Amino acid sequence: MQNNIRVPLLNIPHGHDEFGHMGTPVEKEVTKGGWKSSIYIIGVEVAERFAYYGTSGNLITYLTNVLGESTATAAKNVNIWSGVASLLPLLGAFMADSYLGRFNTILISSIIYVMGLVMLTISASVVPLEYQHVFFFLSLYLVAVGEGGHKPCLLTFGADQFDEDEPEEKKAKSSFFNWWYFGISGGAAAGMLIVFYVQDYVGWAVGFGIPSLAMAFALVLFLIGSRSYRQLVPKGSPVVGVVQVFVAAYRKRHLPISEDGYEICNQVTREINTTSEGRALSHTDQFRCLDKATIIDEIDILNNTRNEWRICSTTQVEEVKLLVRLIPIWFSSLMYAVTLAQGGTFFTKQGSTMERRISHGFHIPPASLLVTPGLVIMFTIPFYDRVFVPMVRHWTGIRSGITMLQRIGIGMFISIIYMVIAALTEAKRVKIAAEHGLLDLPKVTVPMSIWWLLPQYIVQGISDVFLIVGLQELFYDQMPEAMRSIGSAVYLSVFGVGNLMSSVVISLVQVVSSRCGDEWLGNNLNRAHLDYYYWLLAGLDTLWFCLFLVVSKYFVYKKVNGAHLAT
């Protein structure tokens with residue numbers, strides 16, 4: 001379950017490590033990594049987010065206006081694609097951590113990403129209309145494949161540039177996650193502001209062509225910085241080590257465990273308590289059934305060699321416990337991802353029915369309001385990193401001001417607020433439509449400014465600063481070191497599963513509300529009850545928040561050599 005460290009483009013004689021004990025760079029490698037390397041990586045992410053959001057943020061408009069899909073069908077297709085795009089990183093991360101390495105995975109997936117965007121541009125320009133639907137979705141899912149390798153590895157690759165054994169670099173790594181998300185928000189905001197306008201007022205071919213150029217630039221920038229990167233070399237599948245713990249614990253399931261957590265069998269105490277080339281983890285009392293994998297019984301004593309499918313080190317067992325602890329956190333975050341999915345679907349369709357004119361001849365593209373959370377994040381993160389964290393750190397003594405779980409919990413609570421705001425705003429929109437006799441005239445603009453949607457987008461942005469950055473850091477920091485790309489992918493899968501859940505919720509609401517004779521999510525939003533749907537999501541979000549409070553109470557942070565890492 002461990003990786004060796006390698007610095008690219010160096011010729012090291014055979015038998016000499018480029019890094020010292022536990023991955024610490026030797027003196028000649030101090031110029032590798034750090035902020036100078038991570039700046040390139042953040043720049044790549046800015047360009048990639050420009051391309052991704054410029055492509056995905058306005059998809060519902062393309063599907064309804066160009067391909068002729070209904071609102072509900074288009075929303076489900078967008079959510080399914082977003083879900084797949086967020087789940088494919090699990091495969092990409094596994095390949096990176098097990099075989100290809102993060103650098104190679106990013107490189108290969110970036111090339112696939114560019115190919116998908118170029119094909120998307122071709123589908124919107126020269127492909128005949130009768131074949132456009134198939135070619136468009138083929139191109140779109142090729143983009144998802146590229147995203148699947150690029151997204152989980154780039155974040156982990158950037159964090160790998162900081163040495164956890166150096167206090168200053170460890171502190172810088174925590175700050176890196178904040179500025180990483182700042183870069184994401186900046187790229188996404190620029191993509192939506194520029195590309196959405198081009199798509200609505202110039203054309204879809206140019207609108208898809210600009211993201212293609214942005215992603216090509218990201219690929220070039222990534223290669224330019226390659227000489228400064230620290231790299232981890234994969235040594236086989238880390239999943240094997242996880243399976244070994246479960247197999248060994250099952251084989252010794254009938255053996256006793258002493259009350260102090262140390263295993264004793266036939267008066268033979270545990271002798272294997274070593275690390276596997278990585279950081280030594282301290283023993284914890286949770287999931288003690290897995291501790292049986294460390295027991296040395298008579299069979300182990302008689303064997304001349306260690307059978308890794310019968311006996312595991314304490315660190316190996318504790319790494320598996322890290323994975324198990326993260327599962328309830330992952331599950332309790334899903335409903336937040338469902339609420340987040342509304343921004344690119346129903347929020348956008350709301351805006352299309354409202355007054356969008358700023359001046360004579362200029363109307364705001366409804367999807368352009370998606371830029372608002374990104375702008376809020378760009379203003380909030382510097383304040384959070386430079387003002388909030390130092391101020392709170394003085395009170396709490398925690399390096400990051402508040403713990404990762406506290407940060408996530410605050411973000412979840414705020415997410416409930418923005419769904420309540422969305423429900424109240426939609427109720428007001430429908431009321432105004434009724435007052436002006438527009439209930440049966442869905443194509444007529446409702447005399448209510450689109451700026452009424454701003455509060456829900458603003459509060460969503462504030463929620464993201466806490467919850468998304470908190471999840472990113474948690475699923476990097478609390479994962480086994482050899483599985484950190486997988487950890488990033490697991491974090492992303494929250495949003496993938498959340499998007500798929502959103503499609504399921506939409507389908508269920510359509511079926512139930514139609515049978516009751518009052519469809520909530522019809523094509524005519526003036527007659528639909530989108531506000532009821534938002535109230536439903538707010539209620540579900542509240543239930544999941546309560547679940548999060550319960551599971552976080554029992555969460556135990558990683559302990560390294562007796563240290564308690566709860567930052």
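**View 1. Side chains alternate along strand β8 in this predicted model.** The strand covers residues 446-449. V446 and M448 point to one face, and both are buried. P447 and S449 point to the other face and are not buried.

**View 2. Strand β5 pairs with β8.** β5 spans residues 354-355. The two strands run in the parallel sense, and 2 bridges link them. M354 stands opposite V446 of β8. V446 is one of the buried residues in that strand.

**View 3. Helices α14 and α16 pack with their axes 8 Å apart.** α14 holds residues 371-396, and α16 holds residues 454-477. The angle between them is about 45°. The two helices are therefore oblique to each other. Their crossing is right-handed.

**View 4. Residues of α14 meet residues of α16.** From α14 come T372, P373, V376, I377, T380, I381 and Y384. From α16 come L454, Y457, I458, Q460, G461, I462, D464, V465 and F466. Sorted by class, this contact has 11 nonpolar residues, 4 polar and 1 charged.

**View 5. Helices α6 and α17 cross at roughly 125°.** α6 takes in residues 129-159, and α17 takes in residues 484-515. Their axes come within 8 Å. An angle from 115 to 145 degrees falls outside the parallel, perpendicular and antiparallel ranges, so it counts as oblique. That class therefore applies to α6 and α17. The crossing of these two helices is right-handed.

**View 6. Side by side, the residues of α6 and α17 that make the contact.** On the α6 side are K151, P152, C153, L155 and T156. On the α17 side are R484, S485, S488, A489 and L492. By class, 5 are nonpolar, 3 are polar and 2 are charged.

**View 7. The whole protein, for orientation.** The protein has 18 helices and 10 strands. Helices α14 and α16 of Views 3 and 4 are among them, as are strands β5 and β8 of View 2. Of the 567 residues, 59% are buried. Now take the contacts with a separation of 6 or more: residues 24 or more positions apart account for 82% of these.

Note on methods
Residues numbered from 1 in each chain as written. Predicted model: local features only at pLDDT ≥ 70, side-chain atom pairs only at ≥ 80, totals over all residues. Heavy atoms only, no water. Axes fitted to C-alpha atoms, helices over the stretch in contact; angles between N-to-C directions. Parallel < 35°, antiparallel > 145°, perpendicular 65-115°, else oblique. Left-handed = near helix turned anticlockwise from the far one by under 90°. Contact = heavy atoms within 4.5 Å. Nonpolar A, V, L, I, M, F, W, Y, C, P; charged D, E, K, R; others polar. Buried < 20%, exposed > 50% of the residue type's maximum accessible area, 1.4 Å probe, protein only. Pairing = 2+ DSSP bridges.
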